[in-house]
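Here is a quick briefing on a protein model, written for someone who likes to know the cut-offs behind the words. Have the structure open and follow along.

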Amino acid sequence: MIIVKELENKIFKSIVCFFTILSLFILSFIIFFILKESIVFFKEVSILEFIFGKRWNPLNSPDKLSIYPTILGTIYVSIVGIVIALPIGVGSAVVLSSYTNSKIKKIIRTLIDILAGIPSVIHGFIGLLVVIKFFETKFLFAAGESVLAGGIILSIMMLPFIISTCEESMEKIYNEYSTYSNALGTSKSYMIRKVILPNSKRSILASTVLALSRGMGETMAVMMVIGNAPIMPKLLGKCQTIPSLIALEMGMAEVGSLHYHGLYAAGFVLMMILLIINILLYIIKRKII
């Protein structure tokens with residue numbers, strides 16, 4: 001019996017190791033392929049000019065292929081989304097972990113899982129018909145497509161990741177310390193402020209990283225509500241993100257052209273931005289938390 005269990009553990013360990021190595025191999029292949037396609041472009045256009053230039057016109061000369069406004073739009077929309085979603089997500093996680101009984105908690109968790117599984121095009125369609133129309137009718141905007149509209153839709157898509165990540169950690173902390181808190185006669189709100197939230201910093205930061213990465217990589221939902229104009233972004237103005245730029249133009253770019261390789265270069269820049277953000281947040285976690 002013991003030998004059978006040891007054999008099962010070895011088989012399971014081997015399977016897990018195989019899929020881990022396979023995942024790393026696929027990821028490495030994707031990065032290598034995008035880098036290979038991007039190098040062709042960077043031989044014609046310098047990286048600094050591509051990143052800090054302000055015009056994107058694939059029909060013009062190579063020096064008109066630059067994505068500075070698009071980079072700012074990507075970051076701006078994601079930050080607006082995380083600013084809206086983080087307080088709501090953390091607050092919802094606190095309520096679920098500390099104030100909700102097990103039956104209601106199961107129902108809410110199921111609804112959160114369903115929200116996470118809704119296709120992004122559905123979010124974009126709702127944003128197009130509800131959020132944009134609301135801006136146009138209630139605030140009399142000439143066009144409702146804006147950074148704010150994209151941030152609102154992204155915040156809805158980020159919420160399941162933030163709530164799930166934070167709630168699991170907060171529930172463990174609450175179950176561990178609630179008995180001691182009741183014995184000392186402290187209120188639940190005091191325990192949340194002084195014990196649960198301070199000890200949940202890691203999970204809150206992890207959920208922020210996950211949600212921010214999710215937001216910066218989102219394509220369809222954001223593309224449907226931001227107007228897709230490669231101009232400097234404003235909160236109530238149109239903008240364009242790197243994923244929407246690639247999605248809109250990859251289909252009409254001639255394979256092997258500078259335009260084609262420029263879109264891969266834009267994807268490479270997006271990967272580098274996400275890598276830098278993850279490194280910075282990891283350093284913050286090591287230094288502060």
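Helices here are DSSP runs of H or I with at least four residues, strands are E runs of at least two, and both are numbered from the N terminus. With that in hand, Ser-146 can be placed in the loop between helix H5 (120-138) and H6. Keep in mind that this is a predicted model, where local features need pLDDT of at least 70, side-chain atom pairs count only at pLDDT 80 or more, and totals for chains, interfaces and linings use all residues. Residues are numbered from 1 along each chain as its sequence is written, and side-chain values use heavy atoms, with hydrogens and water left out.

**Overall build**

- The protein has 11 helices and 0 strands, so to speak an α-α-α-α-α-α-α-α-α-α-α run from the N terminus on.
- Along its principal axes, the C-alpha trace spans about 75 × 65 × 35 Å.
- Of the 289 residues, 38% are buried, where buried means under 20% relative accessible area, exposed means over 50%, and partly exposed is in between (1.4 Å probe, protein chains only).
- The accessible surface comes to about 16600 Å², and 70% of that belongs to carbon and sulfur atoms; areas come from the Shrake-Rupley method with a 1.4 Å probe, and for residues only the protein chains shown count as cover.
- Take the contacts (heavy atoms within 4.5 Å) between residues at least 6 apart in sequence: 72% of them join residues at least 24 apart.

**The largest pocket**

- A pocket, on a 1 Å grid over the protein atoms alone, is an open set of points where a 1.4 Å probe fits, with protein on both sides within 12 Å along at least five of seven lines; lining residues have an atom within 4 Å of a point.
- The largest pocket holds about 190 Å³ of space, the volume being the space filled by probe spheres set on the points, with grid points joined across faces, edges and corners.
- Its lining is made of Ile-34, Pro-243, Ile-246, Leu-263, Tyr-264, Gly-267, Leu-270, Met-271 and Leu-274.
- Helix H10 (242-249) and helix H11 (258-288) are the elements that give two or more residues to that lining, and H11 supplies the largest share with 6 residues.
- By type, the lining splits into 8 nonpolar, 1 polar and no charged residues; Ala, Val, Leu, Ile, Met, Phe, Trp, Tyr, Cys and Pro count as nonpolar, Asp, Glu, Lys and Arg as charged, and the others, Gly among them, as polar.

**Helix H7 and its cover**

- In helix H7 (residues 188-199), the residues Met-191, Ile-192 and Ile-196 are buried.
- Looking down the axis of H7, those buried residues fall within an arc of 100° (taken from the directions from the helix axis to the C-beta atoms), so they line one face of the helix.
- As background, an α-helix has 3.6 residues a turn, so residues three or four places apart point the same way.
- The cover over the buried residues of H7 includes helix H3 (68-98) and helix H6 (147-184).

**Buried spots worth a click**

- Ser-146 counts as buried because its relative accessibility is 1%.
- Beyond residues up to four places away in sequence, Ser-146 touches Phe-135, Val-225, Ile-226, Leu-235, Leu-236, Gly-237 and Lys-238.
- Met-158 sits in helix H6 and is buried, at 0% relative accessibility.
- Leaving out neighbours within four places in sequence, Met-158 is in contact with Ser-78, Gly-81, Ile-82, Ala-85, Ala-211, Leu-212 and Gly-215.
- Met-158 and Gly-89 are 69 residues apart in sequence and 8.5 Å apart in space, C-alpha to C-alpha.
- Val-131 lies in helix H5 and is buried too, with a relative accessible area of 14%.
- Once neighbours within four places in sequence are set aside, Val-131 is in contact with Ile-126, Ala-149, Ile-152 and Ile-153.

**Toward the outside**

- Asn-228 lies in the loop between helix H9 (220-223) and H10, and at 21% relative accessibility it counts as partly exposed.
- Phi of Asn-228 is near 55°, a positive value in a residue other than glycine.
- For context, most residues other than glycine have a negative phi.
- Ile-21 belongs to helix H1 (residues 2-42) and is exposed, with a relative accessible area of 58%.
- The C-alpha atoms of Ile-21 and Ser-120 are 29 Å apart, with their positions 99 residues apart along the chain.
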